[in-house]
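Hello,

Here is the structure we talked about handing over. My notes on the fold and the pockets follow below it.

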Amino acid sequence: MTYRCDPIRLLLIFVMAFSAVLNVEARQTEDAFVRCSISKSEFYCRECVTAVFWLYSTNSDIAYVREVQPAALNNGQFSYITNVSELPRPRTERIKGKEYVAYPIAMSIMAIDKSGKYDLSGAVFNVGYNVPVEHIDPYYGRIRTVQTIEKNLTMKPVHFKVLELPRAEEDFAFSGAVGKFSIDVSLPPGDIIVNEDATVLITLSGEGLIENDVLPEYHDAFGVGNKLKSFTESHEFYFNGKQLVSRKNLECIFVPSEINDCLIGIVRFGYFNPVTKSYETAESSPFKVDVKSSAIKVKPVYI
């Protein structure tokens, strides 16, 4: 027995199936948008803030999200920007009576060194949704499948303001860093011998950006019973879940010239604290170095 299908019926089935897909796509795209949230709507020049891009959707079955175009400022440019892989958790949010699931799809840490009003906009994301689709097969009847539907979503513009830093006192040694920082100075384990190379470690760290060419004021820490010979530095950044953390390590080689009066003085770093809205100085505590005579290196002679 040969099954014959009316061509008109086949055409009608195809139109119905195609219309179902279009209706699903239209309904889906109306229920999704991208929004950016910045940790502060007003922040200071050179202050680091986080920008999280959220996909709001009523459909929880998301196949993928791809960035098509990055966000850009309406004027000016970023003095610092970097992407963060550690995203916050999804959340639910009700907007105008509709329940959305907000998915974090990208996150950046950014800073701007010029004051003014800014708009961040233009980011485009390609989103794929898995949606159920029904169609009628001429042989098997009604069939339910899943189809991935793509849509490019452009983020809604977000507005913020960058504030000018207040004027610092003329005698304040401002490093240019904005945040909250501290300094630690220590000596590695081991004996320090007079007139021989020794090492002191200086660590500057805190929440905020320390530029690569910025150093703490360390020269005054040497000169009393010792002489600075050389130093090397290393720099690292990481995200602590809330803010950018900068860490700068200095390994200073010095030569102690006095046994009883060798002092490592104060290391200073001047910065602007956006929380207290004031200029502050991170300082280390001075300490005396236990310098030993070179005689301890002479091996005893037994007779």
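**What was found**

Of the 303 residues in the chain, 38% are buried. Please keep in mind that this is a predicted model.

The secondary structure consists of 22 strands and 1 helix. When contacts between residues at least 6 apart in sequence are taken together, 74% of them join residues at least 24 apart. The chain exposes about 18200 Å², and carbon and sulfur atoms supply 50% of that area.

**Largest pocket**

The largest pocket has a volume of about 310 Å³. Its lining comprises 16 residues, and those closest to the centre are K40, E47, C48, E207 and Q243. Two or more lining residues come from each of β3 (49-57), β13 (174-186) and β15 (198-208). The biggest contribution is that of β13, with 3 residues. Sorted by class, the lining holds 5 charged, 6 polar and 5 nonpolar residues.

**Second largest pocket**

The second largest pocket encloses about 180 Å³ of space. Here 15 residues form the lining, with F53, A71, I81, N83 and S108 nearest the centre. The elements giving two or more residues to this lining are β3, β6 (80-83) and β8 (98-111). β3 therefore needs looking at twice when you go through the model, as an element listed for the largest pocket and for the second largest pocket.

What is the make-up of the second lining by class? The lining of the second largest pocket has 11 nonpolar, 3 polar and 1 charged residues.

Regards

Key:
Residues numbered from 1 in each chain as written. Predicted model: local features only at pLDDT ≥ 70, side-chain atom pairs only at ≥ 80, totals over all residues. Heavy atoms only, no water. Helix = DSSP H or I, 4+ residues; strand = E, 2+ residues; numbered from the N terminus. Buried < 20%, exposed > 50% of the residue type's maximum accessible area, 1.4 Å probe, protein only. Contact = heavy atoms within 4.5 Å. Areas by Shrake-Rupley, 256 points an atom, 1.4 Å probe, with all protein chains shown as cover. 1 Å grid on protein atoms, 1.4 Å probe; cavity = no way out; pocket = protein on both sides within 12 Å on 5 of 7 lines; lining within 4 Å. Points joined across faces, edges and corners; volume = space filled by probe spheres on them. Nonpolar A, V, L, I, M, F, W, Y, C, P; charged D, E, K, R; others polar.
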